[in-house]
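Colleague: I would like a close look at a single part of this model, taken slowly enough for a first-year student to follow. Please start with one pocket and its lining, and then work outwards to whatever connects with it.

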Amino acid sequence: DKGNHRHFMAKEIYEQPEVVGHTLGHYLDFAGGRCAPDAIGGIDFASLDRLSITACGTAYYAGLVAKYWFERFARLPVDIDIASEFRYREQPLTPNGLSIVVSQSGETADTLASLRYAKAEGQKVAAIVNVQESTIARESDFVLPTLAGPEIGVASTKAFSCQLSVLASLAVAAGKARGHLTDVDEERLVRALSEIPRLMSQALRLETQMEALARDLAKVQHILYLGRGTSYPLALEGALKLKEISYIHAEGYAAGELKHGPIALIDENMPVVVIAPYDRIFDKTVSNMQEVAARGGRIILLTDPKGRDAAAIDAVETVILPEMPSTITPLVYTIPIQLLAYHTAVFMGTDVDQPRNLAKSVTVE
Ligand code: F6R
């Protein structure tokens, strides 16, 4: 049932404040401003010297965001791999390491094979899964559910934000367990995370603006997405979402990589979506935007009021999100990114919920 939405994807985008609230509420004690230790079921973060996170597609991008969080909050080094590479690379896994696999369906062949590889190497495996009766859940030592409910649209939306919710909660729990976060830090972070559902609801009000921007994007052949820090994986996710449902060629890049190649592509026919909340590296991204503007590239900037004032570049279309702590920006900025892809696909007239050549669950490699 799509409710009063045209597509499951739209319905699932709109469900995010609620399902993200449920998922965060499962892993965090909002009232107490603490992590809920029972929810992570015995993972001993203090004894770990390394994490490896493995997944495919959108779930991999959730893992890539989490690398920044685990390294910053818990000083825990993270290897992040695409499952189809991890399973064949024959990398050594340290005895004090933990493997985390991330999968909506819990049936993705390469992710399952990675889980089995890690177990055969003697590691414990924690699975972040949406389908709790899945093979991946069954074969894992620790099961950390995302409470997204069934996701019907082939393009992942609410599963992604729920994966981020679990990973952010885990990173805070790890930081606490490893003594890198104080009680005060923990409380501040839990409070910030508890604001996400409200901020997501505000971000959903950007739909009309995203639809207007999508009307123009539906006319171009190529789009570039740029971001730094945790906005870099979000740039990759934005490009994936757009290409899979609109069939427009899109690429995501770390903004600092622009001058190492992709800048050669920039001209007036190449829109560039820049994801840049105002943070300590904002100025670096502004210089990348100046490089794009100087070559006639059209910029769509996703930022906040401070970012708008600080950017001071002409000919930028700006999408303004509320100000928020930098930890939580990936969860909130994903909303306009999803809406942009969704409306572009609707203008293109594609089968949004069942894009060509794609399956919801990829059980063969
Ligand atoms: C993109 C998308 C895919 C999946 C990937 C992993 O929107 O849906 O990239 O994220 O196939 O699937 P799961 O999470 O089921 O392992």
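Modeller: The lining of the second largest pocket divides into 3 nonpolar, 6 polar and 4 charged residues. This pocket belongs to a predicted model, and about 210 Å³ of space lies in it. It is lined by 13 residues, and those that lie nearest its centre are R72, D279, R280, I281 and S326.

Two of these names, D279 and I281, return when we turn from open pockets to enclosed space. A search of the whole structure finds 1 cavity of 30 Å³ or more, and the largest cavity holds about 40 Å³ of space. Its lining is made up of R228, S231, I275, A276, P277, D279, I281, F282 and T285, which by class gives 5 nonpolar, 2 polar and 2 charged residues. D279 and I281 therefore appear both in the lining of the cavity, where a 1.4 Å probe fits but cannot get out, and among the residues nearest the centre of the second largest pocket. In general terms, rolling a probe the size of a water molecule over the atoms shows where empty space is left.

D279 also leads us to a glycine elsewhere in the sequence. G307 and D279 are 28 residues apart in sequence, and their C-alpha atoms are 8.3 Å apart in space. G307 has its place in helix α13, which covers residues 305-311, and with a relative accessibility of 0% it counts as buried, because the cut-off for that word is under 20%.

From here we can move to the largest pocket, which has a volume of about 520 Å³. There are 25 residues that line it, and C56, G57, T58, K360 and V362 are the closest to its centre. Several elements take part in this lining, for α3 (57-74), β5 (97-103), α5 (109-120) and α11 each supply at least two residues. Sorted by class, the lining of the largest pocket has 10 nonpolar, 9 polar and 6 charged residues.

K360, one of the residues closest to the centre of the largest pocket, brings us to the salt bridges. Side chains of opposite charge can pair when their charged atoms come close. The side chain of K360 meets that of E151 in a salt bridge, with 2.6 Å from N to O. E151 lies in the loop between β7 (142-145) and α7 (158-177), while K360 lies in the segment after α14 (329-348), so the pair ties together parts that are 209 residues apart in sequence. The two partners do not share one degree of exposure, since E151 counts as buried at 6% relative accessibility, whereas K360, at 27%, counts as partly exposed.

The α11 helix, which helps to line the largest pocket, contains a salt bridge of its own. The side chains of E237 and K241 meet there at 2.8 Å, N to O, and because these residues are 4 residues apart in helix α11 (residues 231-246), about one helical turn separates them. E237 is buried at 0% relative accessibility, and K241 is also buried, with a relative accessible area of 1%.

A further pair joins two helices. K176 forms a salt bridge with E186, and their closest N and O atoms are 3.3 Å apart; K176 sits in helix α7 and E186 in helix α8 (residues 183-194), 10 residues apart. K176 is partly exposed, with a relative accessible area of 28%, while E186 is buried at 3%. This pair does not stand alone, for R34, K176, D183 and E186 are linked in a network of salt bridges. Over the whole structure there are 23 salt bridges.

Finally, we come to the surroundings of the ligand. There are 14 residues around it, and S103, Q104, S105, T108 and E244 come nearest. An N or O atom in the side chain of S103 is 2.6 Å from an oxygen atom of the ligand, and a polar side-chain atom of S105 lies 2.7 Å from a ligand oxygen. V154 takes part through its backbone, where an N or O atom lies 3.2 Å from an oxygen atom of the ligand.

How values were computed:
Residues numbered from 1 in each chain as written. Predicted model: local features only at pLDDT ≥ 70, side-chain atom pairs only at ≥ 80, totals over all residues. Heavy atoms only, no water. Salt bridge = Lys/Arg side-chain N within 4 Å of Asp/Glu carboxyl O. Buried < 20%, exposed > 50% of the residue type's maximum accessible area, 1.4 Å probe, protein only. 1 Å grid on protein atoms, 1.4 Å probe; cavity = no way out; pocket = protein on both sides within 12 Å on 5 of 7 lines; lining within 4 Å. Points joined across faces, edges and corners; volume = space filled by probe spheres on them. Nonpolar A, V, L, I, M, F, W, Y, C, P; charged D, E, K, R; others polar. Near = heavy atom within 4 Å. Polar contact = N/O pair within 3.5 Å; in protein donor to acceptor, adjacent residues only side chain to side chain.
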